[in-house]
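Colleague: Hi! Could you take me through this structure, one piece at a time?

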Amino acid sequence: MEMLNTFIKEQFHISEDVLEYCIKKEQEIQSQFKRIEEIAEYNQLKVLAAMQKNKLSDVHFAATTGYGYNDLGRDVLEQIYADVFHAESGLVRPQLISGTHALTVALAGNLRPGDEILSPVGVPYDTLQGVIGIRKERGSLSEYGITYRQVDLLPDYSFDYPAIEKAIHAKTKLVTIQRSKGYAWRPAFTVDEIKELIAFIKSVKKDVICMVDNCYGEFVEITEPTEVGADLAVGSLIKNPGGGLAPIGGYIVGKEEYVENAAYRLTSPGLGKEVGATLGITSSFIQGFFMAPQVVCGSMKTALFASKIFEGLGYAVLPKSQDKRGDIVQLIQMDIPENVIAFCQGIQKGAPVDSYVTPEPWDMPGYDCPVIMAAGAFVQGSSIELSADAPIKPPYNVYMQGGLSWHHGKMGVMMGLQTMRDKNLIEINKLK
Ligand SMILES: *Cc1c(COP(=O)(O)O)cnc(C)c1O
């Protein structure tokens with residue numbers, strides 16, 4: 001469309017060659033876009049059906065205060081989550097302040113001194129290392145006598161079944177499976193792969209709790225881990241299932257007993273799910289969950305678009321544009337720090353919030369090198385909104401994810417590329 005292209009060039013300073021290259025790449029992935037839209041349609045109807053089944057009504061949007069007894073909205077929200085995830089029970093709360101906290105509560109609620117955790121998929125997400133005690137941290141599970149064992153993935157990123165079998169023994173109480181790649185260079189697992197892994201683990205030890213760290217994975221496929229054998233799935237509401245509208249929160253869904261154990265840990269033994277006022281934000285949770293399949297759709301398209309763009313320019317990307325996706329994260333190996341910085345600054349320039357600030361690498365606590373983060377988000381730290389971050393160290397990987405709408409995601413990626421071009425970091429003839 002001529003008017004659109006003129007607007008993009010004049011308002012956002014996208015050069016003719018960058019725009020033409022991006023439009024060409026966009027056309028080449030139309031059939032994959034259609035598949036992503038079909039997944040979104042299925043998931044949208046799944047959420048709609050759960051809301052209808054539970055007779056969601058505007059009375060549920062009322063605020064509760066204090067103890068929060070008889071919070072009808074909270075109860076219906078948790079039942080909607082449970083239904084969408086095909087789980088027996090759900091705990092969906094603003095008192096779960098992040099994904100890390102939700103995972104902490106799920107672990108601490110279900111483990112007792114002497115129990116052992118097994119990660120059969122390599123080292124877990126950075127913050128979880130402190131929670132478990134892999135990295136020494138005050139109050140970690142290891143201080144409570146809970147031990148940890150790990151089996152790494154094989155060089156081709158598949159599961160090391162013989163080693164997993166050997167690592168499961170009498171003390172093994174819970175297996176934690178991280179679906180997303182996190183900050184590792186490995187593919188995210190598909191729900192089918194998780195299904196196979198859980199079936200194997202249960203065949204070795206029937207009563208072990210299989211928990212999936214579902215962060216970044218919700219609504220990427222038409223089934224969720226709890227539909228294929230996971231006893232618990234846990235995630236953050238400022239990622240996929242919050243739909244960009246939840247201002248805080250986490251969720252735990254799964255078997256009634258295990259969710260209850262987590263609730264006893266979150267509030268108090270004996271109180272569990274019965275308390276916890278929602279202070280008026282239930283409507284944001286519910287509406288966000290309703291929007292989430294569409295928002296994930298936009299994020300998936302944005303990630304695919306970025307992989308296609310940078311693949312075409314000769315960069316290593318993960319996943320590749322043709323790969324099946326298990327999460328919304330796109331990795332781009334940028335080779336030199338200048339590329340990383342320019343790309344992140346471009347993403348920031350394309351944001352609705354703080355577009356005028358220029359992110360720079362800084363020494364963030366807990367990291368062994370400077371980190372750059374681009375995030376012009378409505379909700380602080382929300383990574384379902386278009387964001388990119390990168391530790392400044394070889395091989396200079398950028399982790400890009402989110403996008404509340406495809407059209408914004410597309411502009412963000414184009415701005416990233418344009419900023420690289422403006423700094424003469426792109427060979428112009430490769431844009432042909
Ligand atoms: C983001 C993330 C977490 C932690 O969630 P926060 O909300 O940032 O605390 C845990 N695991 C994975 C795989 C994640 O992507």
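**Helices, charges and a patch**

Modeller: Sure! Let's begin with a pair of helices: α2 and α10 are oblique to each other. Do keep in mind that this is a predicted model.

Colleague: What angle do the axes of α2 and α10 cross at?

Modeller: Roughly 120°, and the two axes come within 10 Å. Here α2 covers residues 16-28, while α10 covers 282-312. Angles of 65 to 115 count as roughly perpendicular and those over 145 as roughly antiparallel, so a crossing between those ranges is called oblique.

Colleague: Is the crossing of α2 and α10 left-handed or right-handed?

Modeller: Right-handed.

Colleague: New topic, charges. How many salt bridges are there in the whole structure?

Modeller: A search of the whole structure turns up 22. One of them joins the side chains of Asp17 and Arg421, with N to O at 2.9 Å.

Colleague: Where in the chain do Asp17 and Arg421 sit?

Modeller: In distant parts of it: Asp17 is in helix α2, Arg421 is in helix α12 (residues 406-422), and 404 residues separate them.

Colleague: Any other salt bridge to look at?

Modeller: Try Arg93 and Glu78, whose closest N and O atoms are 2.6 Å apart. Arg93 belongs to strand β1 (residues 89-93) and Glu78 to helix α4 (residues 72-84), so this salt bridge ties together parts 15 residues apart in sequence.

Colleague: And is Arg93 buried or exposed?

Modeller: Arg93 is buried, because its relative accessibility is 1%. Its partner Glu78 has 3% and counts as buried too. The cut-off for buried is under 20%.

Colleague: Now Glu137. Which residue does Glu137 form a salt bridge with?

Modeller: Arg135, and their closest N and O atoms are 3.4 Å apart. Glu137 is partly exposed, at 38% relative accessible area, and Arg135 is partly exposed as well, at 37%.

Colleague: Which residues are linked in a network of salt bridges?

Modeller: Lys25, Glu28 and Lys308 are linked that way.

Colleague: Enough charges! Which residues form the nonpolar patch on the surface?

Modeller: Leu45, Leu48, Leu245, Phe290 and Met291, and together they have about 380 Å² of accessible area. Helices α3 (30-53) and α10 each supply at least two residues of the patch.

Colleague: What about Leu245, where does that lie?

Modeller: Leu245 is in the loop between β6 (232-236) and β7 (250-254). With a relative accessibility of 37%, Leu245 counts as partly exposed.

Colleague: Back to α3 for a second. Is Glu41 in that helix buried or exposed?

Modeller: Glu41 is found in helix α3. It is exposed, because its relative accessible area is 52% and the cut-off for exposed is over 50%.

Colleague: How far apart are Glu41 and Cys297?

Modeller: In sequence they are 256 residues apart, and in space 9.2 Å, from C-alpha to C-alpha.

Colleague: Last one: how far apart are Ala263 and Lys53?

Modeller: Those two are 210 residues apart in sequence and 24 Å apart in space, again C-alpha to C-alpha. You can find Ala263 in helix α9 (residues 256-266). Ala263 counts as buried, since its relative accessibility is 1%.

Colleague: Great, thanks for the tour!

Definitions and conventions:
Residues are numbered from 1 along each chain as its sequence is written. This is a predicted model: local features need pLDDT of at least 70, side-chain atom pairs count only at pLDDT 80 or more; totals for chains, interfaces and linings use all residues. Side-chain values use heavy atoms; hydrogens and water are left out. Patches are made of residues with over 30% relative accessible area and no salt bridge: like charges are joined within 9 Å, nonpolar side chains (Val, Leu, Ile, Met, Phe, Trp, Tyr) within 5 Å. Accessible areas come from the Shrake-Rupley method with a 1.4 Å probe; for residues, only the protein chains shown count as cover. A salt bridge is a side-chain nitrogen of Lys or Arg within 4 Å of a carboxyl oxygen of Asp or Glu. Helices (H or I, at least four residues) and strands (E, at least two) are DSSP runs, numbered from the N terminus. Buried means under 20% relative accessible area, exposed over 50%, partly exposed in between (1.4 Å probe, protein chains only). Axes are lines fitted to C-alpha atoms, for helices over the stretch in contact, and angles run from 0 to 180 degrees between N-to-C directions. Angles under 35 degrees count as roughly parallel, over 145 as roughly antiparallel, 65 to 115 as roughly perpendicular and the rest as oblique. A crossing is left-handed if the near helix is turned anticlockwise from the far one by less than a right angle, and right-handed if clockwise.
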